[in-house]
Every structure is written in structure tokens, then in C-alpha cells.
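Please open the structure in a viewer and keep the selection panel at hand. The tour begins at the ligand and then proceeds to the nonpolar core.

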Amino acid sequence: MVRPSIFKTFIILVVLATQNSISLATTKGNDYTRDACSVTRYPSLCVHSLSPFSGSAKRSPHRWARAALSVTLDKAEAIGRYVKRFNRTANLKGRVRYALSDCVECFQNTVDQLHSSLGELERLNRKSFTSQVGNVQTWVSAALTYEDTCLDGLRGCRGARVRTLKVKVDNMMKFTSNALALVNRLASAGE
Ligand SMILES: *[C@@H]1O[C@H](CO)[C@@H](O)[C@H](O)[C@H]1NC(C)=O
């Protein structure tokens, strides 16, 4: 008679405990992400794109910088492919033609810079920490400059596809800016 109710209570307790620890873990994960993203210029974009890394990155400035760079690199590669396809469209005229060809080159450079940056962070070691992180700061800044150059070239170009591309590049710059902020945080945290 008594047994089933004790068993029931036990089940309820287990369920409550499990729910509690799940929500606690999520809150903690969000805290890690929000804390890391607090140094960025676009924190909500940062939280949205980097929250999947909270469990592994926790409070490590190194891991957050790597996460941000890898997300930014993926994004740059995707836009690079998009721009390349767009540039191959027949009948592009005058200004748009030159602007797009420039953007293709800019994105090749952006991808290169971000790729080197990620590689440098993966090889990061204590002895050369300062110069390595310095390199990454330089390269990510360069990537941002290339993106800006592409956007600048598109100024005055018209059309729906150009508008779409501008939005993509503008968004890309926000990702890159956030990644740079997280690299800067790594630089000031030291190793
Ligand atoms: C853009 O497309 C044009 C026309 O196909 C091509 O000649 C040019 O090389 C392309 N630009 C780049 C940077 O690939």
C-alpha cells in the first residue's frame, strides 16, 4: 500500500531533479556565451551564432576566439562562392562588372586571412603567444578591410541581386568584427 506512493514520490523527485539540472546547465551555458559576447559590437548576433560552443568554450578566451573565427570563415567561404557565381552571370555591365570582379578577389583574400588566423590560433603556444595573437589581430583586421572594400565598390550599383549581396557583405562584416573583438579579448587575457 505504502510502496507505490513512495515510488511515485521518488519518480517525481528524480524528474524534478533532472529538470532542474537541465535548466541549470542551459542557464550556465547562456551565461558563458553572454559573458564572452559582452566584448563584441553585435552581442545578439554573437550569442545567436556562438551559443552552440558554450559547453566546450566555457570561460576560455582562446576557445571563444577559435569558435568565432571558424564560424566567420564558414560564412566568408559561402559568400565567396556566392560572389563567384554572381560574377559569372552573363551581361553584367559597366560598374557592376568591375565591382563584382573586385569582390571575388576581396573574398578570396578574406578567406585566406581568416584561414591563416584560425591556423595560427590552433598552433598557439606560450613562448610566441604575443606575436602569434598579434598576427591574428592583423590578419582579421585585413579581412575586415577586404570586406569593406567589396562593399565600397558596390556603392552606386543597382538591382535586387546587388542589394542582396550588400546585405550579405554587411552581415559578414558584423561576424568579422565580433571575431576580432574576441581575438582582442584573447590578446588582453594573455595565456
Ligand atoms: C569575373 O567574371 C569575369 C567574366 O566571366 C571574368 O573575366 C573575371 O576573371 C571574373 N573575376 C574574377 C576575379 O574571377
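Begin by selecting the ligand together with the residues around it: Asn 87, Ser 101, Val 104 and Glu 105. Please bear in mind that the model is predicted. By class, this shell consists of one nonpolar, two polar and one charged residue.

Next, select the side chain of Asn 87, where an N or O atom is found 2.3 Å from an oxygen atom of the ligand. Turn then to Ser 101, which places a polar side-chain atom 2.8 Å from a nitrogen atom of the ligand. On its own the ligand has 360 Å² of accessible area, and the protein covers 45% of it.

Which helix supplies the largest share of the shell around the ligand? Select residues 94-122 to display helix 5, the source of three shell residues.

Leave the ligand now and proceed to the largest nonpolar core, which has 52 residues. Within this core, select Leu 50, Leu 69, Val 83 and Leu 165, the members that touch the most others. Two or more core residues come from each of helix 1 (2-37), helix 2 (43-50), helix 4 (61-87), helix 5, helix 6 (129-153) and helix 7 (160-189). Colour helix 4 separately, as the largest share of the core, twelve residues, belongs to this helix.

Conclude with Leu 50 and display its surroundings. Leaving aside residues up to four places away in sequence, Leu 50 touches Thr 33, Trp 64, Ala 67, Ala 68, Val 71 and Leu 182.

How values were computed
Residues numbered from 1 in each chain as written. Predicted model: local features only at pLDDT ≥ 70, side-chain atom pairs only at ≥ 80, totals over all residues. Heavy atoms only, no water. Near = heavy atom within 4 Å. Polar contact = N/O pair within 3.5 Å; in protein donor to acceptor, adjacent residues only side chain to side chain. Areas by Shrake-Rupley, 256 points an atom, 1.4 Å probe, with all protein chains shown as cover. Helix = DSSP H or I, 4+ residues; strand = E, 2+ residues; numbered from the N terminus. Nonpolar A, V, L, I, M, F, W, Y, C, P; charged D, E, K, R; others polar. Core = buried A, V, L, I, M, F, W, Y, C linked by side-chain atoms within 4.5 Å. Buried < 20%, exposed > 50% of the residue type's maximum accessible area, 1.4 Å probe, protein only. Contact = heavy atoms within 4.5 Å.
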